[in-house]
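Welcome! Take a moment to look over the model below, and then let us walk through a few of its features together.

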Amino acid sequence: MIRSDIIRGHLESIILRLIYENDQYGYEISKQISLRTENRFQIKEATLYAVFQRLEKKELIESYYGKVSHGGKRKYYRITMLGKAYLKETAREWKVTKEIIDLFMEGLD
Amino acid sequence: MNKIKNHVNELFKDIPKSEEKEIIKQEIFQNLEEKVYDLVAQGKEEEDAVNKAIVEFGNIDEIKSELGVYNVNRDGDGKRIERAKIDLNFSIWGSILIIALMVFINLYYSPSTIWFVYPTFAILWWPLSMFYRWRKLK
């Protein structure tokens, strides 16, 4: 499991992407992240909810209450129009960034 | 499950009361519970699951800064400046008294040699350091 600062800078995009696929609640997202990265990256709950706050403040996502599960109502998040645009933009940015970093990292081992 | 609830309450205890806080607290509690149920469903003992959920939570400071708790810190800074100012005042008056005493002893008992300058210089470090501490905080 890595906990790198590089990933930290992209947590917003990672979470936005998951919410973009379908509306999700907190635990579902953290589970998805562990699952898809095969546990190579795990998000701490504290980080996750801090990112939710930030994304909501920037109006990239919005929340609503869903069905009642164990204990309480699940708080679901859905992506906004602005969020979709932002995600698209970060995806484009990432592509360029990756190309640049690859220029210097490729061929080393 | 009480342990989770207590833990969440503990985490949020020094965050000032607000509607936002209650909402996020409720959300975190609900999701941690969900995590515990999920871990139990995967075959973990409930106690292990609860502990795992708590350990993996991470550092609450991240959420604090998103909730704007730094406002509270700013108040704390104000208090620290206030205290530094009191320290500075105290050090000025304290050193004046000590220096006056030195001058008095010097002139009264040994007027032929002027030695009070030396302790005066030594004592001046006190208000001087307090002054710079106060200025730094300001």
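What follows is a short tour of one chain as a whole, and then of two residues.

Keep in mind that this is a predicted model. Let us begin with chain A, which has five helices and three strands. Reading from the N terminus on, you meet its elements in the order α-α-β-α-α-β-β-α. Of the 109 residues in chain A, 37% are buried. About 7000 Å² of chain A is exposed, and carbon and sulfur atoms supply 54% of that area. Now take the contacts in chain A with a separation of 6 or more: 50% of them come from residues 24 or more positions apart.

Next, zoom in on two residues, one from each chain. Is each of them buried or exposed? The table shows the answer.

| Residue | Relative accessible area | Class |
|---|---|---|
| Gln53(A) | 9% | buried |
| Glu45(B) | 59% | exposed |

Gln53(A) belongs to helix H4 of chain A, which spans residues 45-57. Why does Gln53(A) count as buried? Its relative accessibility is 9%, and buried means under 20%. Leaving aside residues up to four places away in sequence, Gln53(A) touches Glu20(B), Ile24(B), Glu66(B) and Leu67(B).

Glu45(B) sits in the loop of chain B between helix H2 (19-41) and helix H3 (46-55). With a relative accessible area of 59%, Glu45(B) is exposed, because the cut-off for that class is over 50%. Which residues form a negative surface patch with Glu45(B)? They are Glu46(B), Glu47(B) and Asp48(B).

Key
Residues numbered from 1 in each chain as written. Chains lettered and ligands numbered in written order. Predicted model: local features only at pLDDT ≥ 70, side-chain atom pairs only at ≥ 80, totals over all residues. Heavy atoms only, no water. Patch = residues over 30% accessible without salt bridge, like charges linked within 9 Å, V, L, I, M, F, W, Y side chains within 5 Å. Areas by Shrake-Rupley, 256 points an atom, 1.4 Å probe, with all protein chains shown as cover. Salt bridge = Lys/Arg side-chain N within 4 Å of Asp/Glu carboxyl O. Lys, Arg positive; Asp, Glu negative; His and termini not counted. Charge placed at Lys NZ, Arg CZ, Asp CG, Glu CD. Helix = DSSP H or I, 4+ residues; strand = E, 2+ residues; numbered from the N terminus. Buried < 20%, exposed > 50% of the residue type's maximum accessible area, 1.4 Å probe, protein only. Contact = heavy atoms within 4.5 Å.
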